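Subject: Handing over a structure, with notes on what was found

Dear colleague,

I am passing a structure on to you, and below it you will find my notes, arranged by topic. Please read them with the structure open beside you.

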Amino acid sequence: MLVALIVNPQATRVSERVRRRVTDALAAEHKLEVRLTGQPGHGGELARRAISDGAELVVVLGGDGTVNEVVNGVADSPVPLGLVGGGKTNVFARGLGLPTDPMRGAGRLLELLREGATRRISLGSANGRVFTFGAGLGLDGAIVREVERRRRAHQLYGDPVYVAAGLKTLFLSYDRERPHLKIQRAPGKSSITGFFALVSNGDPFSYLGHRPFRPTPRATWEGGLDVLVGQTMSGPAITRALTGMLSPRPRATYPRFPVLHDEREFVLESDVPLAFQLDGEYLGDNTRVAFESRKGALTVVAPEPLGPRRIV
């Protein structure tokens with residue numbers, strides 16, 4: 001099999017030694033071509049070129065941002081995607097039950113390839129750009145924006161940066177008085193207003209350390225999109241909801257945080273620009289984002305799910 005390995009050399013867990021070991025492991029069983037990303041957006045271009053050159057499998061060594069780029073080059077093609085980790089959080093890989101350590105990830109990928117194990121999953125699309133696990137307009141986007149600002153300033157690293165950014169955004173810089181957001185749904189479905197929205201293509205939505213963050217626990221990788229709408233900015237209400245979403249047995253919904261389940265298409269509109277994030281990357285402030293679910297848009301090398309998680 002001709003395998004294209006797309007590597008982000010700047011990813012958190014990708015060193016020259018790691019890259020060499022992953023390359024050697026994959027090359028021992030398959031014909032391998034290695035392609036390095038050089039700038040933002042390069043991953044999608046490399047994936048499309050690899051497919052054009054005959055690649056039968058595209059593998060990503062990098063974080064969720066690199067995975068998103070590559071998926072935008074692989075989506076709707078017959079070529080499957082392989083994941084071997086390499087980033088800080090690796091939400092998509094972990095959500096599919098795959099390792100995040102690159103060497104363990106490479107070994108597991110080879111096992112799954114021998115077994116012929118693949119899953120056909122849905123992707124979300126936001127203004128034409130696909131995403132694997134989640135998006136957010138409003139509070140979540142503003143937190144990601146603050147995280148990226150702190151990283152550029154070398155202020156904090158790891159999970160503490162998310163906690164610090166969340167507290168600052170929630171209590172100091174976000175409009176807690178007036179909801180600006182409206183969710184326009186398909187004809188025949190009522191619209192909903194709120195302060196912010198989280199859009200999930202699967203479950204979990206993210207991770208805090210080893211703990212999964214599950215605001216939409218009924219979301220599935222094969223289904224439509226789930227949307228949590230924040231209709232209050234009350235500190236106690238948000239704290240109670242977050243505690244539940246980080247617990248081993250999250251609820252399907254919480255007071256003032258309704259969840260729209262298995263939506264096929266909808267539009268998020270705001271009367272002021274709100275921060276927007278996609279697969280953990282801040283993409284600027286927006287007043288309108290059109291979402292749709294693209295069912296069966298991606299084949300990924302992954303095991304079948306073990307079964308439904310417990311939901312209260």
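A residue is called buried when its relative accessible area is under 20%, exposed when it is over 50%, and partly exposed in between. Glu269, with a relative accessible area of 29%, is therefore partly exposed. Please keep in mind throughout that this is a predicted model.

Salt bridges

Glu269 is a good place to begin, as it forms a salt bridge with Arg288, in which the closest N and O atoms are 3.6 Å apart. This pair links distant parts of the chain, since Arg288 belongs to strand 16 (residues 281–300) and Glu269 to strand 15, with their positions 19 residues apart in the sequence. Arg288, like its partner, counts as partly exposed, in its case at 46% relative accessibility. Further salt bridges, which share partners, join Glu33, Arg35 and Asp53 into one network.

In general, side chains of opposite charge can pair when their charged atoms come close. How many salt bridges does the structure hold? The count is 17, and two further examples may help you to find your way among them. In one of them, the side chains of Arg108 and Glu111 meet at 3.1 Å, taken from N to O; these two residues both lie in helix 5 (residues 102–115), three residues apart, which is about one turn of the helix. Arg108 is partly exposed at 23% relative accessibility, and Glu111 is partly exposed at 37%. In the other, Asp262 pairs with Arg264, the closest N and O atoms being 3.5 Å apart. Asp262 has a relative accessibility of 31% and counts as partly exposed, and Arg264, at 38%, is also classed as partly exposed.

Aromatic rings

Turning to the rings, the count of aromatic pairs comes to six. One of them is formed by Phe196 and Phe257, whose arrangement is tilted, with 6.4 Å from centre to centre and 45° between the planes. Because Phe196 lies in strand 10 and Phe257 in the loop between helix 8 (235–245) and strand 14 (259–263), the pair ties together parts that are 61 residues apart in sequence. Phe196 is buried at 6% relative accessibility, and Phe257 is buried at 3%.

The pair of Phe205 and Phe213 is edge-to-face, because the ring planes stand at 80° to each other, with the centres 6.2 Å apart. Phe205 counts as buried, with a relative accessibility of 4%, and Phe213 is buried as well, with a relative accessible area of 16%. Elsewhere, ring pairs link Phe131, Phe266, Phe276 and Phe291 into a cluster. A ring also meets a charged side chain in one place that I noted: Arg94 lies over the face of Tyr207, at 3.7 Å from the ring centre.

Strand 7 and its partners

Is strand 7 (residues 134–137) covered on one face or on both? Both faces are covered, with Gly134 and Gly136 buried on one side and Ala135 and Leu137 buried on the other. Strand 7 pairs in the antiparallel sense with strand 10 (residues 196–200) over four bridges, and within that pairing Leu137 has Ala197 as its bridge partner. Strand 7 also runs antiparallel to strand 15 (residues 265–278), to which three bridges join it, and there the bridge partner of Ala135 is Leu278.

Helix 3 and the cavity

Helix 3 (residues 64–74) is mostly covered, in that ten of its eleven residues are buried; among them are Asp64, Val67, Asn68 and Glu69. The helix is followed by Asp76, whose phi is positive, near 70°.

Helix 3 also takes part in lining a cavity. The structure holds one cavity of 30 Å³ or more, and about 40 Å³ of space lies in the largest cavity. Which residues line the largest cavity? The lining is made up of Val60, Gly62, Asp64, Val67, Leu83, Gly85, Asn90, Phe92 and Ala93. At least two residues of this lining come from each of strand 3 (57–62), helix 3, strand 4 (81–86) and helix 4 (91–95).

With best wishes

Terms used. Residues numbered from 1 in each chain as written. Heavy atoms only, no water. Buried < 20%, exposed > 50% of the residue type's maximum accessible area, 1.4 Å probe, protein only. Pairing = 2+ DSSP bridges. Phe/Tyr/Trp six-rings, centres within 6.5 Å; stacked < 30°, edge-to-face > 60°. Lys NZ or Arg CZ within 6 Å of the ring centre and 35° of its normal. Salt bridge = Lys/Arg side-chain N within 4 Å of Asp/Glu carboxyl O. 1 Å grid on protein atoms, 1.4 Å probe; cavity = no way out; pocket = protein on both sides within 12 Å on 5 of 7 lines; lining within 4 Å. Points joined across faces, edges and corners; volume = space filled by probe spheres on them.
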